[in-house]
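The following exercises ask the reader to examine a protein structure step by step. Each task is followed by a worked solution.

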Amino acid sequence: MSRATPDLAQLLARLDPAAPLAERHLQLLALLDWVRGHEHTVEAATGRVALLVQAAEQSPATRQRLSAWWAELTRHLDITTLLADFGFAQRTSMASELAERLRYKLLPVSPETQDASELFMLALPHELDARWLAALDEELLARLLAVLLPAQDAGDDAASASANEWQRALLDAIAYCAGQILATGFAPELRLRMSEEVRAAQPFHALLRDAESLRVEVLHPLRTDDRLQQAVQGLRERLDACRAAVNNVYAHFEDNGISVGLVFRLRQLRARILRVRELLECLLSPRPAASAMQLLSHLVLVGRQRRSVRTLLATNSSLVAAKVAERSAETGEHYITRTGGEYLSMVRQAAGGGLVMAVTTLIKFGLYALALSAFWGGFMAGVNYAVSFVLIQLLHFTVATKQPAMTAPAMAAKLKDLEDDAAVESFVDEVAHLVRSQVAAVLGNVLLVFPGALLLALFIAQLWGRPAIDAEHALHTLDTLHLLGPSLLFAAFTGVLLFASSILAGWVENWFVLHRLDSAIEYNPRITAALGVRRAARWAHFLRGNISGLAANVSLGFMLGLAPAFAAFFGLGLEVRHVTLTTGQIGVAAATLGHDVLHLPAFWWAVALVPFNGALNVIVSFYLAFRVALRAHNVGRVDRNRIYRALRRRLRRAPLGFFLPTRGSV
């Protein structure tokens, strides 16, 4: 044992039943630190507990001091609060719980507390504590209890009294949990989302009565086993009914949107139902000491999760992420071409998008000429991009780089069922469809935006008698688009913005559906009076079908415009490199510089940037969306080697299938 490890005899000698509250708690913390030791192994920890018990058994004075100290320690703590409320949020708001967890992380906790939950987290903060508590054998537990609770030596009546005290604590905890379950189950935002059948069954109404019936049967001196089992079975069935009611609310989310706040409350409710079942099992266990240790071991793990901000955000946002991914997957299916006709249609749509983006590029240079401040320049650029993207959506055109973040969830959903080689080959087919869909869209955008921007710039020069931008500005534009400069980093950053816009789009659609805004627009008297019944209905249906695309386009436009302005405020010097806009800028610069541009190395370095720019836009946004979709769809580890082998075989056998539709497609 290391010399830094406290001596057990000294620790036991310092135990003082008359010490102030904080001192007694510090003595407990020191004793448990000694139990953990420096080895951090379960065997070492349980061995130290055995040494502690042995030292108390061999010294009557030590045993008396230890038992008196333990009695004084537990007398000022309410064990029922620990059993019933530990690990649960004190408030029903996720924001309040997030603030509370941040407080636990950032601010120290005082050992001068009468809150058993706070002391429990201070005393048993490590994952090792859960393991060594669960590893204590029954013989050692019996000796430990005999040392800590010597009143049991006085006879069966004392032992029975001690057992009854533990039973009362468990029963009180069950009653407290039942009250919280009842209050949450009666909350209108949950009750109104249950089906009529569930509400008619009234699963929460008799929960307190069943908990009280159990208390009577456990503590009544004339109880019979039959009546006790009947009370236990009644409470279990009631808990199952409450849990089914909670699951019914989750089913409502499938069609009506998800709220993070409601998900948080439902998770708390389900966890309380499970806690009652755990307390019930502990109450009825024929081995109460071992069951108590298992329960405390579980509470240690609950305490670790209670301090984790990441766990809170991950568990309560998973359903929202799943719904966002699901809605993106539904949209993304429209961007995957599988036949030659769909491929040509994608090229045409992308070509139309390229022509619109050519106009956007010229307007962007016009805004530069206004010499606005950084923020207002970024804001007006965002307006320009947002209007262009919305126009492309309304004209049923497409922008290539918006597709990957939408198609990634659709691909992730297909990874759930890869049980045989045929399923793997089918997935590879989808990969090929996806890749050539992206190729078609990028080519359609790029091959039209360059000549479109070039011709528009030449037309403006002919109309005004001077070029759209001067030669100095044109050369500067080409220099900023140099392949060997920071443009590749900016292209990857733009991919992050593309991903962020898709997430925001899914969230907005979920929010729109959750609050039933389509129904409000169609039937609200004020809106129908202003728009008319038919027009209100048309607006409602239009927004229901297009709200996701509108949110994605508007948010992406403003992010592309404002991100450089905010980055400049913090001195980061970040820019955006959207492949379609980049190609349009090259076209405008070429129009100003004329035929001489072909002799400039800067021009060819800028042209060389285009394919890498497009690839980074697509790959980064697809990768981020794909990762989120995998977690949201609960797709576990897949056999990636099988997929990689199948992809390599397809590349060797039919490489053109990743770029052009096959002859068999119609």
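The model shown here is predicted.

**Exercise 1. Classify Arg36 and Asp33 as buried, partly exposed or exposed, and describe how their side chains meet.**

Step 1. The relative accessibility of Arg36 is 5%. Buried means under 20% relative accessible area, and Arg36 therefore counts as buried.

Step 2. Asp33 has a relative accessible area of 44%. Exposed means over 50%, and partly exposed lies between the two limits, so Asp33 is partly exposed.

Step 3. The two side chains form a salt bridge, with a distance of 2.5 Å from N to O. In general, side chains of opposite charge can pair when their charged atoms come close.

Step 4. Both residues belong to helix α2, where they are 3 residues apart, about one turn of the helix.

**Exercise 2. Determine which residue joins Asp33 and Arg36 in a network of salt bridges, and describe its surroundings.**

Step 1. The network links Asp33, Arg36 and Asp129. The residue sought is thus Asp129.

Step 2. Asp129 is located in helix α8, which covers residues 127-135.

Step 3. With a relative accessibility of 0%, Asp129 counts as buried.

Step 4. When neighbours within four places in sequence are set aside, the contacts of Asp129 are Arg36, Ala123, Leu124 and Val300.

**Exercise 3. Describe how helix α2 packs with helix α7.**

Step 1. Helix α2 comprises residues 21-36 and helix α7 comprises residues 116-123. Their axes are 10 Å apart, and the packing angle is about 35°.

Step 2. The handedness of the crossing of α2 and α7 is right-handed.

Step 3. On the side of α2, the contact involves His25, Leu28, Leu29, Leu32 and Arg36; on the side of α7, it involves Leu119, Leu122 and Ala123.

Step 4. Sorted by class, this contact consists of 6 nonpolar, 1 polar and 1 charged residues.

**Exercise 4. For the salt bridges Arg143 with Glu57 and Arg650 with Asp429, state the distance, the helices involved and the accessibility of each residue.**

Step 1. In the salt bridge of Arg143 with Glu57, the closest N and O atoms are 2.9 Å apart. Arg143 lies in helix α9 (residues 138-148) and Glu57 in helix α3 (residues 42-58), so this pair ties together parts separated by 86 residues in sequence.

Step 2. Arg143 is partly exposed, at 24% relative accessible area. Glu57 is also partly exposed, at 37%.

Step 3. In the salt bridge of Arg650 with Asp429, the closest N and O atoms are 2.7 Å apart. Here helix α29 (residues 640-653) holds Arg650 and helix α21 (residues 421-464) holds Asp429; the pair links distant parts of the chain, 221 residues apart.

Step 4. Arg650 has a relative accessible area of 11% and is buried, whereas Asp429, at 30%, is partly exposed.

**Exercise 5. Summarise the protein as a whole: its helices and strands, its burial, its contacts, its surface and its salt bridges.**

Step 1. The protein has 29 helices and 0 strands.

Step 2. It contains 666 residues, of which 47% count as buried.

Step 3. Among contacts with a separation of 6 or more, 82% are between residues 24 or more positions apart.

Step 4. The exposed area is about 33,100 Å², and carbon and sulfur atoms supply 60% of it.

Step 5. Across the whole structure, the search finds 19 salt bridges.

Notes
Residues are numbered from 1 along each chain as its sequence is written. This is a predicted model: local features need pLDDT of at least 70, side-chain atom pairs count only at pLDDT 80 or more; totals for chains, interfaces and linings use all residues. Side-chain values use heavy atoms; hydrogens and water are left out. Axes are lines fitted to C-alpha atoms, for helices over the stretch in contact, and angles run from 0 to 180 degrees between N-to-C directions. Helices (H or I, at least four residues) and strands (E, at least two) are DSSP runs, numbered from the N terminus. A crossing is left-handed if the near helix is turned anticlockwise from the far one by less than a right angle, and right-handed if clockwise. Contact means heavy atoms within 4.5 Å. Ala, Val, Leu, Ile, Met, Phe, Trp, Tyr, Cys and Pro count as nonpolar, Asp, Glu, Lys and Arg as charged, and the others, Gly among them, as polar. A salt bridge is a side-chain nitrogen of Lys or Arg within 4 Å of a carboxyl oxygen of Asp or Glu. Buried means under 20% relative accessible area, exposed over 50%, partly exposed in between (1.4 Å probe, protein chains only). Accessible areas come from the Shrake-Rupley method with a 1.4 Å probe; for residues, only the protein chains shown count as cover.
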